Amino acid sequence: MADAFDPVPADQFTFGLWTVGNPGADPFGPRVRPTIPPTEIVAGLARAGAYGVNLHDNDLIPFGASAAERDRIVAEFKQALSDHGLVVPMATTNLFSHPVFRDGAFTSSDPRVRAFALRKTMAAIETGIELGAGINVFWGGREGVETDAARDCRDAIKWYRECLDFLCAWTKEQGWSQRFALEAKPNEPRGDIYLATTGHMLHFIETLEHSEMCGVNPEVAHENMPGLSMVHAVAQAMEADKLFHIDLNAQKIGRYDQDLRFGSEDVKGAFFLVRLLEGTGAYPGYDGPRHFDAHAYRTEDVAGVWDFARGCMRSYKILAERARCFDADAEVQQILADNHADPYGVAPLLSSYSPAHHQAILDLDLDPETLSQPGRRYERLDQLAFEHLLGVGV
Ligand code: GCO
Ligand code: MN
Ligand code: MN
């Protein structure tokens, strides 16, 4: 039965072809589900209430397809998109499956492999543009090592930068206004992947020639695998105006990359993430597509895949609703206001250096004993978050 949490295109939910299309193979066993043709995925996502579909070049066009075959596949896919009213906001390049990339793509020690990776990426960007994608994600799955004897990490970073600078310059020369979103991951499939976290990426971006074109694509699972906070990674990206795209899913800390249904683990983390994206707290939210990079449990058949997809979207909307209630709660607002209060007008003195500010700070009556006294009431605040999250007293 339909309710307020049923997704509609205005929610801007997107899925990758590779997510709902995941056939359930893992390193220990083969696929358990049939291939769903891309045009059927489009139809299924439209039925489920999604807004768009994203893809790697090879999710749609097989590696090595002839130009004629490619054109036919792309035309058929475009037809399905227009038949079902779905858009393609993001396109990406598979630089990890083919054995040519077994020691990296943009960071391969072999310049011919790097050239091949560039060529493949340019073709993928062109396909994306043909499908209307304004964002290109770069996930360097094979950009790493098992042994640091292989190369100096500084060379890898330099080659990565050269490739991105090349692609930015080429894209600009074509007159396209693309946005590149770089996705970090600490490991898997490589022992160590370069630029392991969103924080690493944010710094790397500032070293690029066209840094204004580049932002990040943080993923819940990738920040949580090493036990980092996705909320802090996303907030830092938002503060820097660099949240260009997002990969929503769920993950238990310390495991392999699980790519679970959004909200299915660390519900409180998901709650604070959605609160951030929806902007129900302190700052404006994120206005880009809400993309799910997750897949159904291997236990599921195709019907279970659609349960999974609907679950991701409904959980997001339920969390958004809970976040709105939390931020509208007078007690929550009071605790936050009390903690942020500035009755002595101190904050402006800290906002910039000047000799007058310096002197005013020295003149302040700041007694550490007095300042240590008030409890912050975060126990109560967090309990309120928990109760709103579970719908108690609503
Ligand atoms: C992974 C990654 C990928 C990327 C995708 C888009 O760990 O496998 O998250 O799913 O997001 O390749 O570039
Ligand atoms: Mn992942
Ligand atoms: Mn991802």
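Here are some friendly notes on this predicted model, point by point, to read alongside the structure.

1. Start with the manganese ion (ligand 3). The protein holds this ion through Glu-183 (OE), Glu-219 (OE), Asp-247 (OD) and Asp-293 (OD), at distances of 2.0 to 2.2 Å. If you look for these donor residues along the sequence, their spacing reads E-x35-E-x27-D-x45-D. Glu-219 sits in the loop between strand 8 (214–216) and helix 8 (220–224), while Asp-247 is in strand 9 (residues 247–248), so this pair, 28 residues apart, links distant parts of the chain. Glu-219 and Asp-247 are both buried.

2. Next, look at the geometry of that site. The manganese ion (ligand 3) has six donor atoms, with angles of 84 to 174° among them, and the site is octahedral. As a yardstick, the ideal angles for six octahedral donors are 90 or 180 degrees.

3. Now turn to the other manganese ion (ligand 2). Its protein donors are Glu-219 (OE), His-222 (NE2), Asp-259 (OD) and Asp-257, where Asp-257 is listed with OD twice; these donors lie 2.0 to 2.6 Å from the ion. Their sequence pattern is E-x2-H-x34-D-x1-D. Here, too, a pair links distant parts of the chain: His-222 belongs to helix 8, and Asp-259 to the loop between strand 9 and helix 10 (267–278), 37 residues apart. Are His-222 and Asp-259 buried or exposed? Both are buried.

4. Which residue coordinates both manganese ions? Glu-219 does, bridging ligand 3 and ligand 2, which are 4.4 Å apart. Try finding this residue in the viewer, with one ion on your screen and then the other.

5. Ligand 1 has 13 residues around it, and the closest are His-56, Glu-183, Lys-185, Glu-219 and Asp-293. Some of these names should be familiar: Glu-183, Glu-219 and Asp-293 are also donors of the manganese ion (ligand 3). Oxygen atoms of ligand 1 come within reach of several side chains. An N or O atom of the Glu-183 side chain is 2.7 Å from an oxygen of ligand 1, and for Asp-293 the distance is 2.8 Å. For the side chain of Trp-18 it is 3.4 Å. Taken alone, ligand 1 exposes 330 Å², and the protein buries 92% of that.

6. Some backbone details deserve a look. Glu-188 and Pro-189 are joined by a cis peptide bond, with omega about 10°. Pro-189 is located in the loop between strand 6 (179–183) and strand 7 (192–193).

7. Two residues that are not glycine have a positive phi. For Gln-12, in the segment before strand 1 (13–16), phi is about 60°. Gln-12 counts as partly exposed because its relative accessible area is 21%. For Leu-195, in the loop between strand 7 and helix 7 (198–206), phi is near 55°. Leu-195 counts as buried because its relative accessible area is 11%, under the 20% cut-off.

8. Pro-23 lies in the loop between helix 1 (17–20) and helix 2 (38–48). Beyond its neighbours within four places in sequence, Pro-23 is in contact with Arg-31, Val-32 and Arg-33. Pro-34 is 11 residues away in sequence, yet the two C-alpha atoms are 6.2 Å apart.

9. Finally, visit His-340 in helix 12 (residues 330–340). Why is His-340 called exposed? Its relative accessible area is 63%, and exposed means over 50%. The C-alpha atoms of His-340 and Glu-300 are 48 Å apart, with their positions 40 residues apart along the chain.

Note on methods: Residues numbered from 1 in each chain as written. Chains lettered and ligands numbered in written order. Predicted model: local features only at pLDDT ≥ 70, side-chain atom pairs only at ≥ 80, totals over all residues. Heavy atoms only, no water. Donors = N, O, S within 2.8 Å, 3.2 Å for Na, K, Ca; no water. Tetrahedral: all angles 85-135°; square planar, octahedral: opposite > 155°, others 65-115°. Helix = DSSP H or I, 4+ residues; strand = E, 2+ residues; numbered from the N terminus. Buried < 20%, exposed > 50% of the residue type's maximum accessible area, 1.4 Å probe, protein only. Near = heavy atom within 4 Å. Polar contact = N/O pair within 3.5 Å; in protein donor to acceptor, adjacent residues only side chain to side chain. Areas by Shrake-Rupley, 256 points an atom, 1.4 Å probe, with all protein chains shown as cover. Contact = heavy atoms within 4.5 Å.
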